[in-house]
2 protein chains.
Amino acid sequence: MRTTIRQYADRGVGEEMLNRLLEEASHTQTMGNLQLYSVVVTRDVEMKRRLAPAHFNQPMVTAAPVVLTVCADFRRTTTWCECREADPGYDNFLSFINAATDALLFTQTFCDLAEKEGLGLCFLGTTVYQPMSIIETLALPRLVMPVATITLGWPAESPAPTDRLAVPAFVHAETYHDYTPADIDRHYAAKEALPENKHFVEINAKRTLAQVFTDCRYTRDANVAMSEGLMQALRHQGFL
Amino acid sequence: MRTTIRQYADRGVGEEMLNRLLEEASHTQTMGNLQLYSVVVTRDVEMKRRLAPAHFNQPMVTAAPVVLTVCADFRRTTTWCECREADPGYDNFLSFINAATDALLFTQTFCDLAEKEGLGLCFLGTTVYQPMSIIETLALPRLVMPVATITLGWPAESPAPTDRLAVPAFVHAETYHDYTPADIDRHYAAKEALPENKHFVEINAKRTLAQVFTDCRYTRDANVAMSEGLMQALRHQGFL
């Protein structure tokens with residue numbers, strides 16, 4: 001069972017292997033077979049150092065041999081159209097969502113393939129938190145937007161798998177069946193009873209696990225501020 | 001090598017197998033281990049008929065034994081918070097992108113697992129084109145937004161794999177290297193030379209393959225109109 005790997009061995013990831021995995025991942029389903037993504041590969045120490053603040057200086061960014069920034073990319077397709085007497089109309093929100101979808105499906109296939117190869121990786125959700133910093137560091141032009149970052153290397157740890165909600169918690173038959181308080185109790189009981197989660201509540205001096213999320217990890221104020229930054233970045237990149 | 005399957009055998013997909021695949025897919029990386037997605041399973045013939053128009057009546061929707069609509073879902077997490085004295089702040093754009101990311105990564109893992117099981121599937125990008133129709137049909141409440149649809153069944157065809165751009169076309173070292181016309185010629189030459197693509201240009205009475213995309217398949221007018229509809233749906237669901 002997969003786990004996130006944040007500690008990497010002192011061993012590089014060869015370019016040949018990386019390119020093979022990227023090639024295999026490129027067979028993922030993609031809109032109109034357009035492959036609306038690009039991958040920026042960061043190996044340079046100084047470039048990792050420059051990327052790190054956008055990811056809240058999480059140590060994986062500078063410690064991993066390779067960092068991949070996967071971008072929603074309508075730039076290449078648009079340039080292709082411009083070179084072929086075609087009028088591209090992809091500077092809009094739907095096109096961003098289409099390209100982000102392509103990019104994320106590609107990313108997940110890549111992750112599965114890399115893990116099968118024995119590599120360890122961490123998916124950084126922080127990519128969309130301060131995108132302008134990443135856009136500047138990687139020189140991403142108009143119609144290119146970072147949507148996922150993977151730190152990649154050979155595992156130097158083997159953490160236990162984390163818990164998941166059971167299938168009935170997230171699967172609905174025919175229509176969405178909204179959650180009653182009794183449903184919530186049933187679906188979240190196992191998670192809330194885990195010793196590591198109880199510990200988590202304790203060290204954060206909260207009364208419930210949910211409060212750790214709302215008050216510490218993903219607060220309203222931060223979400224609202226970062227939503228505005230994300231919109232600004234989409235405008236800057238020409239998608240809004 | 002994977003291919004999209006649009007023709008399905010007259011054989012059902014058992015609930016036990018489906019739930020096992022959904023459970024396995026749920027181990028995909030997810031933000032804060034919150035699993036910000038839900039899956040609505042459509043088996044009912046009448047429900048498929050009602051979903052079809054949102055997908056431009058593509059025949060897979062009514063022909064497949066199972067249709068899965070994967071949704072970005074902050075509803076369940078928000079209800080959990082409300083039941084646990086926590087103040088959820090997830091009615092914003094960043095939270096939508098976070099949940100959509102979770103949902104799409106989950107979707108791709110599910111697709112890989114289903115294909116390994118021998119199932120065939122088609123990913124419907126149309127999910128975000130007319131989302132309000134899907135929202136109404138599936139009774140999706142506030143903070144639930146459809147982002148991917150999978151039609152699933154046992155393959156009754158074995159189409160040839162489609163072409164892909166080579167790795168150098170979508171991978172950039174250290175920074176983004178913008179595409180010159182010469183780059184475009186080099187990266188797209190093989191695609192443009194394919195007999196099926198030449199045929200595609202011919203039957204659409206266009207001069208270039210790119211024009212088939214800009215003038216027929218994904219036009220500016222349709223993209224602009226559907227961007228507005230997508231934004232309206234995000235506002236309706238409380239994410240904007």
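What share of the contacts in chain A with a separation of 6 or more comes from residues 24 or more positions apart? The answer is 78%, where a contact means heavy atoms within 4.5 Å.

Before we go on, some ground rules. This is a predicted model, so local features need pLDDT of at least 70 and side-chain atom pairs count only at pLDDT 80 or more, while totals for chains, interfaces and linings use all residues. Residues are numbered from 1 along each chain as its sequence is written, chains are lettered from A and ligands numbered from 1 in the order in which they are written, and side-chain values use heavy atoms, with hydrogens and water left out.

Let's start with chain A. Its secondary structure comes to 11 helices and five strands; these are DSSP runs numbered from the N terminus, with helices (H or I) of at least four residues and strands (E) of at least two. Along the principal axes, the C-alpha atoms of chain A fill a box of roughly 60 × 45 × 35 Å. Of the 240 residues in chain A, 60% are buried, meaning under 20% relative accessible area (exposed is over 50%, partly exposed lies in between, all with a 1.4 Å probe and protein chains only).

Now bring in chain B. A rotation of 180° with 0.0 Å of shift along its axis superposes chain A on chain B, with an RMSD of 0.0 Å; the fit is by least squares on the C-alpha atoms of residues with pLDDT of at least 70 in both. The two copies are thus related as by a two-fold rotation axis. Both copies use the same surface, too: 100% of the contact residues of chain A recur in chain B.

So how much area do chain A and chain B bury between them? It comes to about 9,600 Å², 59% of it on carbon and sulfur atoms. Buried area here is the accessible area (1.4 Å probe) that two parts lose on being put together, summed over both. On the chain A side, A:Trp80, A:Glu174 and A:Tyr176 lose the most area to chain B, together 9% of what that side buries. In all, 105 residues of chain A are in contact with 105 residues of chain B.

A:Trp80 turns up again in helix H4 of chain A (residues 75-82). That helix is mostly covered, with six of its eight residues buried: A:Arg76, A:Thr77, A:Thr78, A:Thr79, A:Trp80 and A:Cys81. What covers them? Part of the cover is from chain A itself, including strands E1 (37-42) and E2 (66-73), and part is from chain B, including helices H7 (167-170), H8 and H10 (209-217). Helix H4 of chain B is mostly covered as well, with six of its eight residues buried.

Next, a few single residues. A:Val128 sits in the loop between strand E3 (120-124) and H6 of chain A, and at 5% relative accessibility it counts as buried. Leaving out residues up to four places away in sequence, A:Val128 touches A:Pro146, A:Val147 and A:Leu230, plus B:Leu94, B:Ile97 and B:Asn98 from the other chain.

A:Leu143 is in the loop between helix H6 (131-137) and strand E4 (144-153) of chain A. It has a positive phi of about 70° although it is not a glycine, and it is buried at a relative accessible area of 6%. Over in chain B, B:Glu174 has a positive phi near 70° and is not a glycine either; its loop lies between strand E5 (171-173) and helix H8 (181-193).
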